[in-house]
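Colleague: Before I use this model, I would like to go through the terms attached to it and hear the reasoning behind each one. Could you take them in turn?

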Amino acid sequence: MTCDLCQTAMEEVKLPKTIKGNGFRIVIEEMPTIRCPKCGDTYYDLEESEKIREVVSYFNRRLACLKKVA
Ligand SMILES: [Zn+2]
């Protein structure tokens, strides 16, 4: 895979990632990330993006339940 911006070969690294949702924040310490060593542009592969979406929707549902109880 090459960078869309500068055509440099991308490298796979693990970076911390913070996800902000509606009233919560999730910190993933080692998120597999594809990064361009030249311009620092980052991508997540489809599988990882899918996982993030699942986690966020899980927390959104949990928070919705908690709000109903409180
Ligand atoms: Zn680049």
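Modeller: Let me begin with a definition: two strands are said to pair if DSSP finds at least two bridges between them. The model is a predicted one, and in the hairpin of β1 and β2, which has four residues between the strands, Gly23 takes a positive phi near 90 degrees.

Colleague: How do you know that β1 and β2 pair, and how many bridges join them?

Modeller: Nine bridges join β1 to β2, and the two strands run antiparallel. Pairing requires at least two bridges, so β1 and β2 count as paired, with Lys14 standing opposite Pro32 in β2.

Colleague: What makes β2 and β3 a pair, and how many bridges join these strands?

Modeller: Two bridges join β2, residues 25-35, to β3, again in an antiparallel arrangement, and since the criterion asks for at least two bridges, the pair qualifies. Ile34 stands opposite Tyr43 in β3, while the bridge partner of Arg35 in β3 is Thr42. β2 and β3 form a hairpin with six residues between them, and Gly40 in the turn has a positive phi of about 75 degrees.

Colleague: Which strands are called edge strands, and what earns them that name?

Modeller: The three strands form an open sheet in the order β1-β2-β3, with antiparallel pairing. The edge strands are β1 (11-20) and β3 (42-43), each of which pairs on one side only.

Colleague: What is the secondary structure of the protein as a whole, and which pattern does it follow along the sequence?

Modeller: The protein has one helix and three strands, and read along the sequence these follow the pattern β-β-β-α.

Colleague: Why is Gln7 called exposed?

Modeller: Gln7 has 9 C-beta neighbours inside 10 Å, and the cut-off for an exposed residue is 12 or fewer, so Gln7 counts as exposed. Gln7 is found in the segment before β1, and its phi is near 65 degrees, a positive value in a residue other than glycine.

Colleague: Is Met1 buried or exposed, and how do you know?

Modeller: Met1 has 11 other C-beta atoms within 10 Å; because the exposed class takes in residues with 12 or fewer, Met1 is exposed. Met1 also has its place in the segment before β1, and, leaving aside its neighbours within four places in sequence, Met1 is in contact with Met10 and Ile34. Met1 and Cys36 are 35 residues apart in sequence, and their C-alpha atoms are 9.7 Å apart in space.

Colleague: What radius of gyration does the protein have, and how does that compare with a compact globule?

Modeller: The protein has a radius of gyration of 16 Å, whereas a compact globule of 70 residues would have one near 11 Å. The C-alpha atoms fill a box of roughly 50 × 20 × 15 Å along the principal axes, and 1% of the 70 residues count as buried.

Colleague: What share of the contacts between residues at least 6 apart in sequence joins residues at least 24 apart?

Modeller: That share is 48% in the protein.

Colleague: Where is confidence lowest, and where is it highest?

Modeller: Confidence is lowest in helix α1, residues 46-69, at a mean of 86, and highest in β1, at 92. The protein averages a pLDDT of 89, and 97% of the residues score at least 70. Where pLDDT is low, predicted coordinates should not be read in detail.

Terms used:
Residues are numbered from 1 along each chain as its sequence is written. This is a predicted model: local features need pLDDT of at least 70, side-chain atom pairs count only at pLDDT 80 or more; totals for chains, interfaces and linings use all residues. A residue is buried if 20 or more other C-beta atoms lie within 10 Å of its own, exposed if 12 or fewer, and partly exposed in between; C-beta atoms are placed from the backbone. pLDDT is the predictor's confidence in each residue, from 0 to 100. The radius of gyration is taken over C-alpha atoms; the globule rule is 2.2 Å times the number of residues to the power 0.38. Two residues are in contact if their C-beta atoms, placed from the backbone, lie within 7 Å.
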